[in-house]
Amino acid sequence: MEHILSYIIFTPLLFALILLVVPKNATKVLVGLSFFASLVTLALALKLYVDYEPSAGFAFVESIRWIRAWNVDYKVGIDGVSLLLVLLTAFTLPLVILFSAGSIQKQHKEYYFCLLLLQTAMLGTFCALDLFVFYVFWETMLIPMYLLIGIWGGERRIYAALKLFLYTLLGSVLMLAAIIYLYLQAGQSFDYSLWLEKIHLAPQIQIWVFAAFALAFAIKVPMFPLHTWLPDAHVEAPTAGSVILAGILLKMGTYGFYRFAMPLFPQALHQAQPLLITLSVIGIVYGALVSMVQPDIKKLIAYSSVSHLGFVMLGLLSLTTQGVQGAVYQMLNHGISTGALFLLVGMIYDRRHTRLVSEYGGIAKVMPLYSIFFLIVTFSSIGLPGTNGFVGEFLILLGSFQTQPWAATIAASGVILAAVYMLWMVQRVFFGPLKNPKNEGLKDLGLRETAILLPLIVLIFWMGVYPKPIFQKMEVSVNQFLSQVKR
């Protein structure tokens with residue numbers, strides 16, 4: 001299908017604009033249209049996945065002159081890695097919208113408009129091959145996420161939204177300065193492919209430009225010690241915001257490293273590699289240790305993301321085939337498993353309006369189906385064999401041991417710590433006597449909630465026992481990436 005990438009990117013935006021003419025009180029119509037838009041986008045993304053033939057370079061490239069005076073082209077295309085992230089984005093939104101239908105109580109039109117606009121921005125970021133276009137999508141994404149937290153979030157929502165905004169803006173401004181510098185170096189072009197061929201900076205210049213890109217992406221990952229915005233954003237965001245934040249937005253940081261920072265500045269990468277690996281390992285251990293003492297389930301999962309994303313960065317920085325493949329696989333795993341955990345926390349919060357571990361205990365007796373789903377997702381999150389999490393973490397450690405044995409050894413402790421804090425939380429919440437009378441009347445999962453969780457459970461097991469199709473899609477692209485960063 002010609003222009004399929006543009007259809008995928010702009011279908012959510014088209015429906016977002018349609019929502020503007022729907023009456024505010026027509027809640028069912030707003031939800032129905034949003035859900036339909038997300039399903040159309042998912043169907044297009046699945047067709048893209050089926051049609052994609054692995055090859056070096058980019059596929060489904062579309063290029064149209066946009067701003068002639070600045071040599072800006074609307075240029076999009078994908079490789080095997082961006083394909084998988086596009087699919088993850090398209091897969092997540094229908095679940096989020098379905099969940100929101102039973103959770104959001106105010107300003108429905110504005111809420112679903114923000115969700116669809118956010119999806120367009122995220123999809124555009126993963127597909128952009130012109131750095132101006134990439135920057136526009138990157139910045140556009142910040143606006144709906146800021147509004148989602150600031151309007152539909154918790155008590156400290158304004159503080160959390162501002163913190164997210166300021167952190168991201170700081171990184172974005174530095175990245176913009178670097179983009180403008182490279183634009184001039186490339187003969188006034190924003191074309192990424194041209195940059196790869198034409199720009200050869202002196203090592204001392206590479207360091208500065210790489211640092212500007214790396215800081216912007218490290219904030220988004222988030223890497224230690226730039227992670228402090230994440231727990232606040234997660235805790236205060238509505239469930240849909242947390243799912244999108246963990247499932248997709250954090251991957252934009254690791255994707256930025258993979259797509260731009262590392263291939264464009266290979267010499268600077270090798271100089272910065274020890275520092276970045278050290279920060280990744282600190283993030284793995286620190287995130288796990290802080291998770292262990294959290295009284296709030298959502299905050300516990302938020303800090304676990306710092307640890308999980310540290311693994312992704314470690315795999316990318318190992319510069320081995322297994323490590324990078326594991327990192328990409330772990331990006332998908334984290335989106336599925338942590339997204340599912342936030343959905344599960346949102347479901348119990350809607351019932352009890354508290355996320356404190358101490359408020360629960362023994363709820364497996366009254367919510368058996370919910371408990372089974374939570375336990376499966378927990379096993380996935382800690383990387384139990386047979387689940388998706390095991391495949392990614394195993395490959396990351398395998399690849400890292402080849403080039404960074406000290407880092408891999410310390411990082412392996414993160415796997416053990418993850419099992420400790422997750423299973424300890426599960427034990428306190430689900431097992432033992434049902435002491436709190438407020439939990440005695442809790443209802444188990446309904447049909448809508450089960451329908452939301454089932455696709456995630458299927459993916460957890462499918463990716464855990466049969467990862468071959470995903471590796472086939474990414475293999476050539478990963479090899480291409482390694483040849484670029486080892487120049």
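**Reading a predicted model, feature by feature**

Me: The protein chain exposes about 17,600 Å². Which atoms supply 68% of that area?

Reply: Carbon and sulfur atoms supply it. Keep in mind that this is a predicted model. As for what is hidden, 62% of the 487 residues count as buried.

Me: What radius of gyration does the protein chain have, and what would a compact globule have?

Reply: The chain has 21 Å, and a compact globule of 487 residues would have a value near 23 Å, so the two agree. The C-alpha atoms fill a box of roughly 70 × 60 × 40 Å along the principal axes.

Me: How many helices and strands does the protein chain have?

Reply: There are 18 helices and two strands. Among contacts with a separation of 6 or more, 80% are between residues 24 or more positions apart.

Me: Why should the 18 residues of helix H8 span 26 Å?

Reply: Each residue is taken to add 1.5 Å, and the expected span counts one less than the number of residues. In H8 (residues 203-220) the end C-alpha atoms are 25 Å apart, which agrees with the expected 26 Å.

Me: Which residues of H8 are buried?

Reply: Start with the general idea. An α-helix has 3.6 residues a turn, so residues three or four places apart point the same way. In H8 the buried residues include Gln-206, Val-209, Phe-210, Phe-213, Ala-216, Phe-217 and Lys-220. Their cover includes helices H5, H6, H9, H10 and H11.

Me: Which peptide bonds next to Pro-222 and Pro-225 are cis?

Reply: The general idea again: most residues other than glycine have a negative phi, and most peptide bonds are trans. Here the bond joining Val-221 and Pro-222 is cis, with omega about -5°. The bond from Phe-224 to Pro-225 is cis too, with omega near 5°. Pro-222 is in the loop between H8 and H9, and Pro-225 lies in that loop as well.

Me: Is Leu-319 buried or exposed?

Reply: The cut-off for buried is under 20% relative accessible area. Leu-319 has 6%, so it counts as buried. Leu-319 lies in the loop between H12 and H13, and its phi is positive, near 55°. Asn-71 has a positive phi too, near 60°. Asn-71 sits in the loop between strands S1 and S2, and at 28% it counts as partly exposed.

Me: Where is Lys-106, and which residues is it in contact with beyond its neighbours within four places in sequence?

Reply: Lys-106 is in the loop between H3 and H4. Its contacts beyond those neighbours are Ile-151 and Trp-152. Lys-106 and Trp-152 are 46 residues apart in sequence, but 8.1 Å apart in space, C-alpha to C-alpha.

Conventions
Residues are numbered from 1 along each chain as its sequence is written. This is a predicted model: local features need pLDDT of at least 70, side-chain atom pairs count only at pLDDT 80 or more; totals for chains, interfaces and linings use all residues. Side-chain values use heavy atoms; hydrogens and water are left out. Helices (H or I, at least four residues) and strands (E, at least two) are DSSP runs, numbered from the N terminus. The radius of gyration is taken over C-alpha atoms; the globule rule is 2.2 Å times the number of residues to the power 0.38. Buried means under 20% relative accessible area, exposed over 50%, partly exposed in between (1.4 Å probe, protein chains only). Contact means heavy atoms within 4.5 Å. Accessible areas come from the Shrake-Rupley method with a 1.4 Å probe; for residues, only the protein chains shown count as cover.
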